[in-house]
Amino acid sequence: MKLALRVGNLKPSPTLAISAKAKAMKAEGRDVVDFGAGEPDFDTPDNIKDAAINAIKGGFTKYTAVGGIPELKDAIIDKFKNDNTLEYTREEIIISCGGKHVLYNLCQALFQQGDEVIVPAPYWVSYPAMITLAGAEPVILNTGEETGFRIDTERLKESLTPKTRAIVLNSPSNPTGTVYSREELMAIYDTIKDTDILVISDEIYEKLLYEEEFVSFANLGEDAKKRTIIVNGLSKSYAMTGWRLGYAAGDSDIIRAMTSIQSQSTSNPTSISQKAGVEALRGRQDDVLKMVQEFDKRRRYIIERLNTIKGVSCIAPMGAFYVFPNISKLFGLSYKGTKVLSSTEFSSLLLKGALVTVVPGAAFGAEGYIRISYAKSLKEIEKGLDRMEGLVSNMD
Ligand SMILES: Cc1ncc(COP(=O)(O)O)c(C=O)c1O
């Protein structure tokens, strides 16, 4: 079958593929510990579910305004005001079918052939793919463990060209859990302030934060805010991954363009989800706080355990629900005759030899690491780490 050139190099999301594999193995009755998950293991809070049920019963089941209902836009505007001290109008907000859809619309609205977009690595797997689908070139800016996977502004400066249109920031980060402080963001701002480079600030893990206060790039001042498009959503903070709700805030021309694209593709996000979204943002927040406390317990446990496994080291992430341990010291070692030379080989060995799924760092542009999601019960985490430790201790 002849397919369009744009799908020639497009690979399905590796994280979703790994989760699908773990699910399929579980369905076959195999006792897999799945550390690949990119979603909270908590249920959507009941008050949010009730709002959706009421929406269905009340007949709120038809098309809505393409970019989202005013009621939800206003709830988002209030969230920005209260949580982030940022002011937006309805014209500066769009609601789409998940954070992913927001980013897709944004890339389509902003980028084209000849444009370059800076993507710090390790990166969330979809950024380079979406930029490429828009015809532009992702320029990967490597960061290392020595800076806690933060951007080195000298290297950022070297990556800038007249073609650079934007930089993608993701704090707290998937896959590293890295969180940027105001000072660190300011150093990035100082590097780009004399250019017209835009900042895509993916803040989807904003509420899953364990040590630092959250600061958005848009908080750095009027000019920084003007060049920032904030991407956020309800998937992670409210355990609503299946409801497909994300939103963006930024320049009204960009939001209008994104809304036009959305009007010619998906139309509005689901009417029922939008009503649930209003309740998520306006209703009680104690379930979110409980979830964060539970994630923090697991985070502390998992970091401590990982650092006792021979050949593995892990810096403490400050947000999201992932750890990104360094496994490069295991390269060159063998397990039952199979030599490990890459994160992909280690991940498949872990699945075959210990029934544990993780995502290889290579998928995030960072060889030598694996991503472990701690969106799992402590009992599962303990079981998975016991198995991993057992396998690693038999590598030589
Ligand atoms: C960094 C990051 N941005 C955006 C998304 C998209 O989230 P959603 O499920 O709302 O599309 C994800 C989901 O994994 C993510 O990790």
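## Sheet, helices and unusual backbone

Just after helix α3, Thr85 takes a positive phi of about 50°. This is a predicted model: local features need pLDDT of at least 70, side-chain atom pairs count only at pLDDT 80 or more, and totals for chains, interfaces and linings use all residues. Residues are numbered from 1 along each chain as its sequence is written. Helices (H or I, at least four residues) and strands (E, at least two) are DSSP runs, numbered from the N terminus.

**Helix α3.** Helix α3 covers residues 70-84, and its 15 residues should span 21 Å at 1.5 Å a residue. The expected span is 1.5 Å times one less than the number of residues. The end C-alpha atoms are 20 Å apart, which agrees. Leu72, Lys73, Ala75, Ile76, Ile77 and Phe80 of α3 are buried. Buried means that 20 or more other C-beta atoms lie within 10 Å of the residue's own; exposed means 12 or fewer, partly exposed is in between, and C-beta atoms are placed from the backbone. What do the buried residues of α3 pack against? They pack against β2 (93-96), β8 (246-249) and α10 (271-282). Contact here means C-beta atoms, placed from the backbone, within 7 Å.

**The sheet.** Seven strands form an open sheet in the order β2-β8-β7-β6-β5-β3-β4, with mixed pairing. The edge strands are β2 and β4 (137-142), each pairing on one side only. Two strands pair if DSSP finds at least two bridges between them. Neighbouring strands of this sheet are turned by 20° against each other on average, direction ignored. Strands of a sheet pair through backbone hydrogen bonds, either parallel or antiparallel. β5 (residues 164-170) and β6 (residues 198-202) are parallel, over five bridges. Val168 stands opposite Ile200 in β6.

Two helices meet these strands. α3 lies across β2 and β8, at about 120° to β2. α4 (residues 99-110) packs on the sheet and touches β2, β5, β6, β7 (228-233) and β8. Its direction makes about 155° with that of β7. Axes are lines fitted to C-alpha atoms, for helices over the stretch in contact; angles run from 0 to 180 degrees between N-to-C directions.

**The ligand shell.** Of the 13 residues around the ligand, Gly98, Gly99, Lys100, Asn174 and Ser235 come nearest. A residue is near if its C-beta atom, placed from the backbone, lies within 6 Å. The shell has two nonpolar, nine polar and two charged residues. Ala, Val, Leu, Ile, Met, Phe, Trp, Tyr, Cys and Pro count as nonpolar, Asp, Glu, Lys and Arg as charged, and the others, Gly among them, as polar.

**Thr15.** Thr15 lies in α1 (residues 14-27). Thr15 is buried because 21 other C-beta atoms lie within 10 Å. Leaving aside neighbours within four places in sequence, Thr15 contacts Gly36, Gly38, Val125, Val359 and Ala363.

**Backbone exceptions.** Most residues other than glycine have a negative phi, and most peptide bonds are trans. Ala121 and Pro122 are joined by a cis peptide bond, with omega about 0°. Pro122 sits in the loop between β3 (116-121) and α5 (126-133). Ser171 and Pro172 also share a cis bond, with omega about -10°. Pro172 sits in the loop between β5 and α7 (182-192). Two loop residues with positive phi follow.

| Residue and phi | Loop | C-beta neighbours inside 10 Å |
|---|---|---|
| Ser267, about 60° | between α9 (252-263) and α10 | 13, partly exposed |
| Ala320, near 60° | between α11 (286-306) and β9 (322-323) | 30, buried |
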